[in-house]
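Subject: Structure handover

Hello,

Here is the structure I said I would pass on. Please look it over first; my notes on what was found follow below.

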Amino acid sequence: MSSTDANRNEPGELVRGFLAYLEVEKGYSPATIRSYSTDLDQFEEFLRGRKATLERPVRLNRDHVRAFLAELHRRQLTKTSMGRKLSSLRAYFKYLLRHKLITKDPAAGIRNPKQEKRHPQVLNVDQAVALMEAHVDPDPEGLRDVALAELLYGSGLRISEAIGLDLNDVDSDVIRVTGKGSKERIVPLSDAAVERIRRYMSQRHAFLKDNYAEQALFLSSRAGKRLDRRQANRIVAKLAKLAGLPKDVHPHMLRHSFATHMLEAGADLRSVQELLGHENLTTTQRYTHLDMQRIMQVYDHAHPLAGEHKNDTDKD
């Protein structure tokens, strides 16, 4: 690489000031700042071909930003990546506006690319039951593993919520869960979860080592400390393997399966919303698509006129 090319990759004075602002005033992590820097560098490279630059922002307008997004689309970037890069540009222009270096925001009025709808992956009921009943050794680790899985599926917990539980959060047939934004909710336990937690608690002392003050419900085998996310992922993957399920089963899939199976069984949407700890009902509504998919499959297989209806495209 020539010295000229190396200099081209160095951010200009305005961009350096913006990145310093993110570090000092916003307190962003080095990784986040690198992400902003990469996005702005890519836009700068695009502008260079149009004889423009981020260092002369007063000459930039909405057409530059739109053309950049069009170029990203041509390169087949995902809409998520395009949205992130647009977010970086918005933050930069907002910084310039605040410092009165521009009077108009070139990204104003430009909407984020419409995201593809991603529907959660779920296990069917038979698969979920198989995982819950996976044959494990009746030792402390095995009892812990099935108790954890039962909470993820039986109560629909996030993995962070499950491993964040303390002993005093468990009360008979309910648990106190701390969710996103440190919001607490009370979640019922299934009969199976009550029994499996009871059996695990009878052997929990085997994990304590010399750390008897540890209050975490689920403990690591090695250090006797709180189970971490990586270990929990390995536990679910191991149970899935024992049950003969696909390799990509992860803890959040059990939460998705809980929500979907609740709706399939007739639970109303708002009740499921409360159980999951969703702030907005629209977040919970994504599970209704999966339920409707199942209903349509049942219709297509069972209704005597389903086949005729599909093929008869000329009738109203």
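A salt bridge here is a side-chain nitrogen of Lys or Arg within 4 Å of a carboxyl oxygen of Asp or Glu. By that rule the count comes to 13 salt bridges. Please keep in mind that this is a predicted model.

Salt bridges

One of the salt bridges pairs the side chains of Arg 84 and Asp 39, at 2.6 Å from N to O. Arg 84 belongs to helix H5 (residues 79-98) and Asp 39 to helix H3 (residues 30-48), so this pair links distant parts of the chain, 45 residues apart. The two partners are covered as follows: Arg 84 is partly exposed, with a relative accessible area of 38%, whereas Asp 39 is buried, at 1%.

Another salt bridge is formed by the side chains of Arg 144 and Asp 145, at 3.0 Å from N to O. Is Arg 144 buried or exposed? Arg 144 has 4% relative accessibility and therefore counts as buried, the limit being under 20%. Asp 145 is also buried, because its relative accessibility is 0%.

The side chains of Arg 176 and Glu 184 meet in a salt bridge as well, at 3.9 Å from N to O. Arg 176 is partly exposed, at 29% relative accessibility, and Glu 184 is exposed, at 55%. Elsewhere, Asp 39, Arg 84 and Lys 85 are joined into one network by salt bridges that share partners.

The protein as a whole

The protein has 14 helices and three strands. Of its 316 residues, 38% are buried. About 19,200 Å² of the protein is exposed, and carbon and sulfur atoms supply 49% of that area. Among contacts between residues at least 6 apart in sequence, 57% join residues at least 24 apart.

Helix H12 and what follows

Which residues of helix H12 (residues 269-276) are buried? They are Leu 269, Val 272, Gln 273, Leu 275 and Leu 276. Seen down the axis of H12, these buried residues fall within an arc of 165°, so they line one face of the helix. The face turned away from the buried side of H12 carries the exposed residues Arg 270 and Glu 274.

Gly 277 follows H12 and has a positive phi, near 75°. His 278 lies in the loop between H12 and helix H13 (281-302). His 278 is buried, because its relative accessible area is 10% and the limit for buried is under 20%. In the UniProt record, an unreviewed entry, the annotation "active site" covers His 278 along with Arg 158, Lys 180, His 252, Arg 255 and Tyr 287.

Ser 155

Ser 155 sits in the loop between helix H7 (140-154) and helix H8 (159-163). Ser 155 counts as buried because its relative accessibility is 1%. What does the side chain of Ser 155 reach? It reaches the backbone oxygen of Pro 188, at 3.0 Å. Leaving aside residues up to four places away in sequence, Ser 155 touches Glu 150, Val 187, Pro 188, Leu 189, Phe 258 and Leu 275. Leu 275 is one of the buried residues of H12 listed above.

Glu 55

Glu 55 is placed in the loop between H3 and helix H4 (62-74). Glu 55 is partly exposed, with a relative accessible area of 27%. The side chain of Glu 55 has polar partners in the backbone: the nitrogen of Glu 13 lies 3.1 Å from one of its polar atoms, and the side chain also reaches the backbone nitrogen of Val 15 at 3.4 Å. Glu 13 and Val 15 are also among the residues that Glu 55 touches, together with Gly 12, Leu 14 and Tyr 92, not counting residues up to four places away in sequence. From C-alpha to C-alpha, Glu 55 and Glu 44 are 9.0 Å apart in space, and they are eleven residues apart in sequence.

Regards

Conventions: Residues numbered from 1 in each chain as written. Predicted model: local features only at pLDDT ≥ 70, side-chain atom pairs only at ≥ 80, totals over all residues. Heavy atoms only, no water. Helix = DSSP H or I, 4+ residues; strand = E, 2+ residues; numbered from the N terminus. Buried < 20%, exposed > 50% of the residue type's maximum accessible area, 1.4 Å probe, protein only. Polar contact = N/O pair within 3.5 Å; in protein donor to acceptor, adjacent residues only side chain to side chain. Contact = heavy atoms within 4.5 Å. Areas by Shrake-Rupley, 256 points an atom, 1.4 Å probe, with all protein chains shown as cover. Arc of directions from axis to C-beta. UniProt positions renumbered as here; feature names shortened; annotations may be inferred.
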